[in-house]
Amino acid sequence: MTTPPSSIVLVLVGAVIGSFGAIFLKWGAHALSRSWTSIVYNWKLAVGVVTYLLSSVLFVKGMSNGELSVLFPMVSVGYICTLLWSHLFFHERVTKAKLAGVGLILVGIVFLGLGNATH
Amino acid sequence: MSSVTTLPEVHVVDADKRRRAVLIVIGCTLIIGAAQYLIKLGANQLAAQQHSVHGGSVSLEAAVMGIFTNPAIFSGYCLYAVFTVLFVFALRHGELSILYPLISLGYVWVVIIGAVAFHEAMNPLKLAGIAIIMAGVTVLGRGSAK
């Protein structure tokens, strides 16, 4: 069984959505204190959790019709998005090493996709 | 926030603690492998339940319900919670530049699990792709740890 493109798209979209989860968690963590109410009434943390949940739903949907060894590595696009968002929202530096990593991940995903198509 | 002279104190981390952190992170990658095995197993069960009606992937509702009611998928995500706690714990004692790249070991386990447990076919392009992604995650991790 090969992995249909629709499942690959589901997992890629899930990974992009999941990368927003990390951003919201970080935002939420900034407003955190030692009291429980600061966790419960923290809408950013809540959005972060819901975002991860949504991303997991898309991942499970994709996994119900595709290969683990193709779909799981595809989640690595999430790292690229996280890098982009942390630069845009938290002004973290984008170094040459980070760009090299992004390039390698993209090339790897293309190879993986080609390998999946040439069964 | 004092002068540079305090730097050595910060950098001399107990070698034992550091070794333990590396072992914990390697354990973390095994947990990821186990979690992915369980999630895939559960997703296959959801598909088997629905494929009597129609083919393709399961519906969104089935996927949402599956995360909470399918024991395999639910346990898989519980393992992710365990992974997160352990990884954060390990990060306190080890060097990020070594620990982050180690996480890419998870891909090795997932490929082995895919081939052995789910009989997924491997070919050179696919394996090269996964190896390149591992290299990318390693480079990105090292770059982010500075």
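These are my notebook entries on a predicted model with chains A and B.

**Entry 1: ground rules.** I number residues from 1 along each chain as its sequence is written, and chains are lettered from A in the order in which they are written. Because the model is predicted, local features need pLDDT of at least 70 and side-chain atom pairs count only at pLDDT 80 or more, while totals for chains, interfaces and linings use all residues.

**Entry 2: confidence.** I looked up pLDDT, the predictor's confidence in each residue, from 0 to 100. Chain B averages 86. In chain B, 88% of the residues score at least 70. Among its elements, helix 3 of chain B has the highest mean pLDDT (95) and helix 1 (residues 7-11) of chain B the lowest (50). Over residues 1-7 of chain B the pLDDT is below 50, and this stretch has 0 contacts beyond near neighbours in sequence. Where pLDDT is low, predicted coordinates should not be read in detail. For the complex, the predictor gives an ipTM of 0.87 and a pTM of 0.86.

**Entry 3: chain by chain.** I took helices (H or I, at least four residues) and strands (E, at least two) as DSSP runs, numbered from the N terminus. Chain A has 6 helices and 0 strands. Chain B has 7 helices and 0 strands. I then checked burial. A residue is buried if 20 or more other C-beta atoms lie within 10 Å of its own, exposed if 12 or fewer, and partly exposed in between, with C-beta atoms placed from the backbone. Of the 119 residues of chain A, 46% are buried. For chain B it is 36% of 146 residues. The C-alpha atoms of chain A fill a box of roughly 55 × 35 × 15 Å along the principal axes.

I counted contacts next (C-beta atoms, placed from the backbone, within 7 Å). Among contacts with a separation of 6 or more, residues 24 or more positions apart account for 75% in chain A. The corresponding share in chain B is 83%.

**Entry 4: the interface.** How many residues does each chain bring to the contact? I find 41 residues from chain B and 36 residues from chain A. On the chain B side, the elements giving two or more residues are helix 2 (15-50), helix 3 (60-69), helix 4 (71-93), helix 6 (105-117) and helix 7 (124-144). Helix 7 of chain B gives the most, with 15 residues. By class, this side has 27 nonpolar, 10 polar and 4 charged residues. Here Ala, Val, Leu, Ile, Met, Phe, Trp, Tyr, Cys and Pro count as nonpolar, Asp, Glu, Lys and Arg as charged, and the others, Gly among them, as polar.

**Entry 5: helix 3 of chain B.** Ala62(B), Ala63(B) and Gly66(B) are buried. They cover an arc of only 100° around the axis (taken from the directions from the helix axis to the C-beta atoms), which puts them on the same side of the helix. On the other side, Glu61(B), Phe68(B) and Thr69(B) are exposed. The cover over the buried residues includes helix 3 (43-63) of chain A, together with helix 2 and helix 4 of chain B.

**Entry 6: the core.** I define a nonpolar core as buried Ala, Val, Leu, Ile, Met, Phe, Trp, Tyr and Cys residues joined through C-beta atoms within 7 Å. The largest has 58 residues. Those with the most contacts inside it are Val11(A), Val60(A), Met74(A), Ile105(A) and Ile133(B). Helix 2 of chain B gives the most to this core, with 12 residues. I followed up Ile105(A). Not counting residues up to four places away in sequence, Ile105(A) touches Ser76(A), Tyr79(A) and Ile80(A), as well as Ile133(B), Gly136(B), Val137(B) and Leu140(B).

Technical notes. Two residues are in contact if their C-beta atoms, placed from the backbone, lie within 7 Å.
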